[in-house]
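Morning, everyone. Please have the sequence and the model open while I talk.

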Amino acid sequence: GNLISGKRTVYAEGTLEEVFHEIREAEYEDPAISIWVLSIPGICRDGYAETCDWEGLAGKDLKSELKTVSSRPFLLENDMNLAVMGLASLHPEVSDLAAVYQPSAKGTGCGIILSHHLCRGYASAAGELQYLPGFSLKDQAELLKTDPSRLLNFQIQALGAVMNPELIGW
């Protein structure tokens, strides 16, 4: 399919009620919506948000919750997995690539494609770069404030050592 329109909305919390509001509003504005593709910043498996930077969504069965708001099907995926799929669609000649995002307040995430296949990992935690050894989560939070480029450089170097991609987007 094609993206017909898009909307960027920023919420401080990222609660389920805010997501519900956006879905209801979008379906009212465009009743022809046939499927929802939602990305979350965290570990998402089978519609369940095991972890999420939006604390109000962590530990929730999002697929079941969302069915209470819309009868349309939902695809729920980690935000960086969707980003790397988009990057791969722009570079189909590259078989091994990664997309890295370092937000200003939370841990770094990464989507990974190897041999043209998305890597989720056993527990869907592939790409959760904040769990790399070398810096504690506390140390990473401090570096994020004082020297974010050093933190990003460390994580990209680790990614290169682990998967050796042809292309890393950040």
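I'll start with a term. A cavity here is a set of grid points where a 1.4 Å probe fits but cannot get out, and its lining residues have an atom within 4 Å of a point. Keep in mind that this is a predicted model.

So, the cavity. How many cavities of 30 Å³ or more does a search of the whole structure find? The search finds 1. The space in the largest cavity is about 40 Å³. Rolling a probe the size of a water molecule over the atoms is what shows where empty space is left.

Which residues line the largest cavity? Going along the chain, we have Gly42, Cys44, Glu77, Asn78 and Asn81, then Arg120, Ser124, Ala126 and Glu128. By class, that lining has 4 polar residues, 3 charged and 2 nonpolar.

Let me stay with one lining residue, Asn78. Asn78 sits in strand S5. Its relative accessible area is 8%, so Asn78 is buried. Its side chain also has a polar atom 3.0 Å from the backbone nitrogen of Asn81. Asn81 is itself among the residues lining the largest cavity.

Now the strand around Asn78. S5 covers residues 74-78. Is S5 largely enclosed or largely open? Enclosed: 4 of its 5 residues are buried, so the rest of the structure largely encloses the strand.

Next, the partner of S5. Strand S1, residues 36-40, pairs with S5 in the parallel sense, over 5 bridges. Take two of those pairs. Trp36 has Phe74 of S5 as its bridge partner. Val37 has Leu75 of S5.

S1 has two faces. Which residues are on the covered one? Trp36, Leu38 and Ile40. Val37 and Ser39 make up the uncovered face.

On to the sheets. As a reminder, strands of a sheet pair through backbone hydrogen bonds, either parallel or antiparallel.

One open sheet has 3 strands, in the order S2-S3-S4, and the pairing is antiparallel. The edges are strand S2, residues 44-45, and strand S4, residues 60-61. Each of these has a single partner strand, so one side of each has no neighbour in the sheet. Strand S3 is residues 48-49, and 2 bridges join S3 to S4. Across that pairing, Tyr48 stands opposite Asp61 in S4.

Another open sheet has 4 strands. Its order is S8-S7-S6-S9, and here the pairing is mixed. Which strands stand at the edges? Strand S8, residues 117-118, and strand S9, residues 167-169. Again, each has a single partner strand, so one side of each is left without a neighbour in the sheet. Strand S6, residues 97-101, runs parallel to S9, and 3 bridges join the two. One bridge to look at there pairs Leu97 with Leu167 in S9.

Now the loops, and two backbone angles. Most residues other than glycine have a negative phi.

Asp46 has a positive phi, about 55°, and is not a glycine. Where is Asp46? In the loop between S2 and S3. Asp46 is exposed, at a relative accessible area of 72%.

Ser115 also has a positive phi, near 50°. Ser115 is in the loop between S8 and strand S7, residues 109-114. Its relative accessibility is 49%, so Ser115 counts as partly exposed.

Last topic: cysteines. How many disulfides does a search of the whole structure find? The search finds 0. Take Cys110: it is in no disulfide, and the nearest cysteine sulfur, that of Cys119, is 9.8 Å away. Cys119 is in no disulfide either, and its nearest cysteine sulfur is that of Cys110. Why does that pair not count? A disulfide needs the two sulfur atoms within 2.5 Å, and these are 9.8 Å apart.

Is Cys110 buried or exposed? Buried, because its relative accessibility is 2%. Cys119 is partly exposed, with a relative accessible area of 23%.

To recap the places to click on. Find Asn78 in S5, and then the rest of the lining around the largest cavity. Then go to Asp46 and its positive phi, and to Ser115 and its own. Finish at Cys110, which is in no disulfide.

Technical notes. Residues numbered from 1 in each chain as written. Predicted model: local features only at pLDDT ≥ 70, side-chain atom pairs only at ≥ 80, totals over all residues. Heavy atoms only, no water. Buried < 20%, exposed > 50% of the residue type's maximum accessible area, 1.4 Å probe, protein only. Pairing = 2+ DSSP bridges. 1 Å grid on protein atoms, 1.4 Å probe; cavity = no way out; pocket = protein on both sides within 12 Å on 5 of 7 lines; lining within 4 Å. Points joined across faces, edges and corners; volume = space filled by probe spheres on them. Nonpolar A, V, L, I, M, F, W, Y, C, P; charged D, E, K, R; others polar. Polar contact = N/O pair within 3.5 Å; in protein donor to acceptor, adjacent residues only side chain to side chain.
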